[in-house]
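Dear colleague,

I am passing on the structure below, together with notes on what was found in it. Please read the notes with the coordinates open beside them.

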Amino acid sequence: LVPVVDAHGHFAGLLGGERLMHHLLPRHLTMIRGLTRMGYLRESTEELRERLESLGHRTIGEVMDTHVKTVHPDTPLIEAHRILAGTQFVVPVIERDSKKLLGAISFFTILALLRGEDGWTDRLNNGTAPPESSL
């Protein structure tokens, strides 16, 4: 799961395995109610491989998910928790005015905080949580 920013560092969306898998489905299945009526589909590995190869010719902007819920540094942590409890695996943290990506909160961030891992409370409170543990 990778956050995507534009040339100015503004958050643009997320690119992840789930989104790539969506693009591997036959186009007619991604239309309204298509996924509920796919019992007739018989597809070869080669057809799936061809769609995967065609993704290599598309831009990240064409494939990424732009309908992502975000939070701001002053958003209560419970709001990020609520979003994570839904269907989103990572919650990007962006500046309110500039929309610049500052980091992200995941299940692992909240778990580390709840477990009282060394320095996490202070780091989250003062905005110095290490980037590698944010995603």
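Read from the start of the sequence to its end, the protein chain runs through its elements in the pattern β-β-α-α-α-α-β-β-α-α, which amounts to six helices and four strands. Please keep in mind throughout that this is a predicted model.

Some overall values come first. The protein chain has 135 residues, and 27% of them count as buried. Its exposed area is about 9,400 Å², of which carbon and sulfur atoms supply 57%. When contacts are restricted to residues at least 6 apart in sequence, 44% of them join residues that are at least 24 apart.

Two of the helices have a buried side that can be described residue by residue. In helix 4, which spans residues 77-85, the buried residues are A80, I83 and L84. Viewed down the axis of helix 4, these buried residues fall within an arc of 100 degrees, and they therefore line one face of the helix. As background, an α-helix has 3.6 residues a turn, so residues three or four places apart point the same way. The cover over the buried residues of helix 4 includes strand 3, strand 4 and helix 5, while the face turned away from that buried side carries I78 and A85, both of which are exposed.

Helix 5, made up of residues 107-114, has T109, I110 and A112 as buried residues. Seen down the axis of helix 5, its buried residues lie within an arc of 160 degrees, so they too line one face of the helix. On the other side of helix 5, F108 and L114 are exposed.

The next item is the second largest pocket, which holds about 360 Å³ of space. Its lining consists of 14 residues, and those nearest its centre are E18, D65, T87, Q88 and F89. By class, the lining is made up of five nonpolar, six polar and three charged residues. Helix 1, residues 17-24, gives the most to this lining, with four residues.

Helix 1 also contains R19, a residue that is partly exposed, with a relative accessible area of 27%. Leaving aside residues up to four places away in sequence, R19 touches V63, M64 and D65. Of these, M64 is 45 residues away from R19 in sequence, yet the two C-alpha atoms are 6.8 Å apart in space.

Two loop residues complete the notes. H72 sits in the loop between helix 3 (60-63) and helix 4 (77-85), and with a relative accessible area of 16% H72 counts as buried, because the cut-off for that class is under 20%. Not counting residues up to four places away in sequence, the residues that H72 touches are V93, I94, E95 and R96.

K99 is located in the loop that joins strand 3 (90-94) to strand 4 (101-106). The phi angle of K99 is near 65 degrees, a positive value in a residue other than glycine. K99 is partly exposed, with a relative accessible area of 40%.

With best regards

Definitions and conventions
Residues numbered from 1 in each chain as written. Predicted model: local features only at pLDDT ≥ 70, side-chain atom pairs only at ≥ 80, totals over all residues. Heavy atoms only, no water. 1 Å grid on protein atoms, 1.4 Å probe; cavity = no way out; pocket = protein on both sides within 12 Å on 5 of 7 lines; lining within 4 Å. Points joined across faces, edges and corners; volume = space filled by probe spheres on them. Nonpolar A, V, L, I, M, F, W, Y, C, P; charged D, E, K, R; others polar. Buried < 20%, exposed > 50% of the residue type's maximum accessible area, 1.4 Å probe, protein only. Contact = heavy atoms within 4.5 Å. Areas by Shrake-Rupley, 256 points an atom, 1.4 Å probe, with all protein chains shown as cover. Arc of directions from axis to C-beta.
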